[in-house]
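Here's a quick briefing to read with the model open beside you. Keep the viewer handy, since most of the points are meant to be checked by eye.

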Amino acid sequence: MPNVIIPPGWRLPEKLATPESVYRSRRAFLKQLGFTGAGALLGSIAASQHLLAQDKPGAKKTYPFPRNPKFNDPKLRVTDEEFATGYNNFYEFTTSKTRVKRLTHRFVISPWEVEVGGLVEKPAKFSVDDLVSTMPMEERLYRFRCVEAWSMNVPWTGFPLSKLIEKVSPKSDAKFIKFTTFFRPEQAPGFAEYDAYPWPYTEGLRMDEAMNPLTLVTTGMYGKPLPKQNGAPIRIVVPWKYGYKSIKSIVRIDFVTEQPKTLWETLAPDEYPFESNVNPNVPHPRWSQRTERVIDTGNRFNTQLYNGYGEYVAKLYQS
């Protein structure tokens, strides 16, 4: 049996380091951590001063925001930012994962408001800028698992959806939340190209899922505001569900009694059901879900039930 060496808590184990083949140089790796070259120490001090400055009364809150240590698993290797922002699904623009980034140039994301209504006592409209300024913003490193069996680990920035729910005071008969994305055919070519789809894109959660502390209203990633191709300026991230449940570019949130219709469930209910929890034991009708491919390394790992977040959510699905 080989010896097990437990390194001190301050040192990153070599096996967790990003492979050299992924990063062109150590400088690029340090840049991902927020540092550059020989100025790493100075960069660290500057970052600390930046975060302290945001705590001053009246100070404007800006990126980056501090990472919540509860969601900073040292076993997770952060996916290369270029891959995470250059490989994703956004059918409003294209079905090609690698072309989305190049097709968002006409997409206008500022100003942007989210209207919250339905079965609530205090319907409201929130600008994204105001939410960033007033909500308890933080960064969380989450696993992200696509239904297509690829994955990445992303540092998202946002705040718990439960905090927004508290602001609007849902009525007792609100059992579900329906999310609706933008519909601007003049800005996104996918609307016309895939005109048989039931646009706009819609998704939904049960109220207990929405209130779960993992469910994040997200406005940034990698210490910066969300790029257009990743759902700018505001999206939801639900890390224990397949990626299509984490709806992008939201314009409306409605509290409803009945389970809402969602785009993918409407198109293919056997392949994309409403619940859509990550489950390696339940295959997609056209492929296995037992393993997943990490997008920037090509490494393949066994998929975890609830994407590894069972301690937070398993109780939601106990009969």
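What follows is a short tour, from the overall picture down to single residues.

This is a predicted model, so treat the numbers as computed from predicted coordinates. The protein has 9 helices and 12 strands, and 48% of its 319 residues are buried. Looking at contacts between residues at least 6 apart in sequence, 70% join residues at least 24 apart. About 16,400 Å² is exposed, with carbon and sulfur atoms supplying 54% of that.

**The five-stranded sheet**

- Five strands make an open sheet with mixed pairing, and the order across it is S2-S1-S10-S5-S6.
- Strand S2 (124–127) and strand S6 (202–206) are the edge strands, each pairing on one side only.
- Ignoring direction, neighbouring strands in this sheet are turned by 20° against each other on average.
- As background, strands of a sheet pair through backbone hydrogen bonds, either parallel or antiparallel.
- The parallel case here is S1 with strand S10 (residues 250–256), joined by 4 bridges; Val 116 has Ile 253 in S10 as its bridge partner.
- S5 and S10 run antiparallel and share 6 bridges.
- Strand S5 (residues 176–181) also runs antiparallel to S6, with 5 bridges joining the two.
- Ile 177 is a handy residue to click on: it stands opposite Phe 255 in S10, and it also stands opposite Leu 205 in S6.

**The nonpolar core**

- In soluble globular proteins, nonpolar side chains tend to be buried together.
- Here the largest nonpolar core has 78 residues, and those with the most contacts inside it are Trp 156, Phe 179, Trp 240, Ile 253 and Phe 255.
- Strand S4 (residues 150–160) gives the most to this core, with 5 residues.
- Which residues does Phe 255 touch, not counting residues up to four places away in sequence? The list includes Val 116, Gly 117, Gly 118, Leu 119 and Val 120. Ile 165, Val 168, Pro 170, Ala 174, Phe 176, Ile 177 and Met 207 are also on it.
- Two of those contacts of Phe 255, Ile 165 and Val 168, are buried residues of helix H5.

**Helix H5 and what comes after it**

- Within helix H5 (residues 161–168), the buried residues are Leu 161, Ser 162, Leu 164, Ile 165 and Val 168.
- Seen down the axis of H5, these buried residues fall within an arc of 160°, so they line one face of the helix.
- The general rule behind such a pattern is that an α-helix has 3.6 residues a turn, so residues three or four places apart point the same way.
- Right after H5 comes Ser 169, with a positive phi near 55°.

**A buried threonine in the sheet**

- Thr 180 is found in strand S5. Is Thr 180 buried or exposed? Thr 180 is buried, because its relative accessible area is 12% and the cut-off for buried is under 20%.
- Leaving aside neighbours within four places in sequence, Thr 180 is in contact with Pro 200, Tyr 201 and Thr 202, and also with Ile 247, Ile 250, Val 251 and Arg 252.

**Backbone oddities worth a look**

- For reference, most residues other than glycine have a negative phi, and most peptide bonds are trans.
- Ser 110 and Pro 111 are joined by a cis peptide bond, with omega about 0°. Pro 111 has its place in the loop between helix H3 (81–84) and strand S1 (113–118).
- Trp 199 to Pro 200 is a cis peptide bond too, with omega near -5°. Pro 200 lies in the loop between helix H6 (190–193) and S6, and Pro 200 is one of the contacts of Thr 180.
- Ala 149 has a positive phi, near 75°, and lies in the loop between strand S3 (138–145) and S4. With a relative accessible area of 11%, Ala 149 is buried.
- Ser 276 has a positive phi, near 55°, and is found in the loop between helix H8 (263–267) and strand S11 (291–294). Ser 276 is buried as well, at a relative accessible area of 4%.

Technical notes. Residues are numbered from 1 along each chain as its sequence is written. This is a predicted model: local features need pLDDT of at least 70, side-chain atom pairs count only at pLDDT 80 or more; totals for chains, interfaces and linings use all residues. Side-chain values use heavy atoms; hydrogens and water are left out. Buried means under 20% relative accessible area, exposed over 50%, partly exposed in between (1.4 Å probe, protein chains only). Contact means heavy atoms within 4.5 Å. Accessible areas come from the Shrake-Rupley method with a 1.4 Å probe; for residues, only the protein chains shown count as cover. Two strands pair if DSSP finds at least two bridges between them. Axes are lines fitted to C-alpha atoms, for helices over the stretch in contact, and angles run from 0 to 180 degrees between N-to-C directions. The arc is that of the directions from the helix axis to the C-beta atoms. A nonpolar core is a set of buried Ala, Val, Leu, Ile, Met, Phe, Trp, Tyr and Cys residues joined through side-chain atoms within 4.5 Å.
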